[in-house]
Amino acid sequence: MGTISVNRLGGLSLIVGPIVALVGYFLQPGGMIIDSADPASAALSLQAATSNAVLSQVTGFVVVLGLMIFLYGFFVLQENIRANGNGDALSRYGVQLILIAVIGWVLSTGLSLAIAGSDLAVASEAAAAGALYAATLGIGTIAGVIAGLGFLLVALAVSTRDDYNKIFALVAAVVGGVAVVASLLGGIDSSQLQTMTAVIGICYLIHTAWIITVGLVLMKK
């Protein structure tokens, strides 16, 4: 591993990171699979998280680990674009936005870990958990919008190049726009939050597939 090239490690990070983050995301209690709860309902979401405290905490760490891995891959991708070919300006802007979004997601995950350890039977802890949950929704909305914009710009940058799949990059750019709209709608109208959360999950699945193809190309350079 000491002799692995930067491009190979970056490409591997783009393949492994998103998968790890998605596994953690989908296995989080209160999400789409385990004890599914409407994210607009703080009571149901808090109950799901605290009744599965260990799993909530483990999946939180898994999500953060995946985000850190794939963020490194984006840094390497941007350096590769900067050194050779089109898309430098857009990729710089996009990766900066993705970095900010990852910071937001990590903060939100940290708050979720605190929520998982709360005892809802204690009034003061229940109130604190409710406040923390509201904060995670706010941070998550902002991070989702910023991430969508970041993916949009990076995908547009990649679409200008001949060494990656241009059509898939353009699809990823459109999906980034959809993620931005869905994040905004979910944040503005809580009645749409559950539906928009599902839409965002689908967007991230598509982005994961695209990022993996980019990682495979990067590994060969």
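Student: Is Asp 162 buried or exposed?

Tutor: The structure is a predicted model, in which local features need pLDDT of at least 70 and side-chain atom pairs count only at pLDDT 80 or more, while totals for chains, interfaces and linings use all residues. Residues are numbered from 1 along each chain as its sequence is written, and side-chain values use heavy atoms, with hydrogens and water left out. Buried means under 20% relative accessible area, exposed over 50%, and partly exposed in between (1.4 Å probe, protein chains only). Since Asp 162 has 72% relative accessibility, this residue counts as exposed.

Student: With which residue does Asp 162 meet in a salt bridge?

Tutor: A salt bridge is a side-chain nitrogen of Lys or Arg within 4 Å of a carboxyl oxygen of Asp or Glu. The partner of Asp 162 is partly exposed, with a relative accessible area of 36%. At an N to O distance of 2.9 Å, the side chain of Asp 162 meets that of Lys 166.

Student: Which residue forms a salt bridge with Asp 163?

Tutor: Asp 163 is partly exposed, at 27% relative accessible area. Its partner counts as buried, at 4% relative accessibility. With the closest N and O atoms 2.9 Å apart, the partner of Asp 163 is Arg 161.

Student: About how many helical turns separate Arg 92 and Asp 88?

Tutor: The side chains of Arg 92 and Asp 88 meet in a salt bridge (3.0 Å, N to O). Helices (H or I, at least four residues) and strands (E, at least two) are DSSP runs, numbered from the N terminus. Because Arg 92 and Asp 88 are four residues apart in helix α4, their separation is about one helical turn.

Student: Which residues have the most contacts inside the largest nonpolar core?

Tutor: A nonpolar core is a set of buried Ala, Val, Leu, Ile, Met, Phe, Trp, Tyr and Cys residues joined through side-chain atoms within 4.5 Å. The largest such core has 38 residues, and α1, α3, α4, α5, α6 and α7 each supply at least two of them. Those with the most contacts inside this core are Phe 74, Leu 77 and Trp 210.

Student: How many residues of the lining of the largest pocket are charged?

Tutor: Ala, Val, Leu, Ile, Met, Phe, Trp, Tyr, Cys and Pro count as nonpolar, Asp, Glu, Lys and Arg as charged, and the others, Gly among them, as polar. A pocket is an open set of points on a 1 Å grid over the protein atoms alone, where a 1.4 Å probe fits, with protein on both sides within 12 Å along at least five of seven lines; lining residues have an atom within 4 Å of a point. The largest pocket is lined by 49 residues. Its lining divides into 25 nonpolar residues, 23 polar and, as for charged residues, one.
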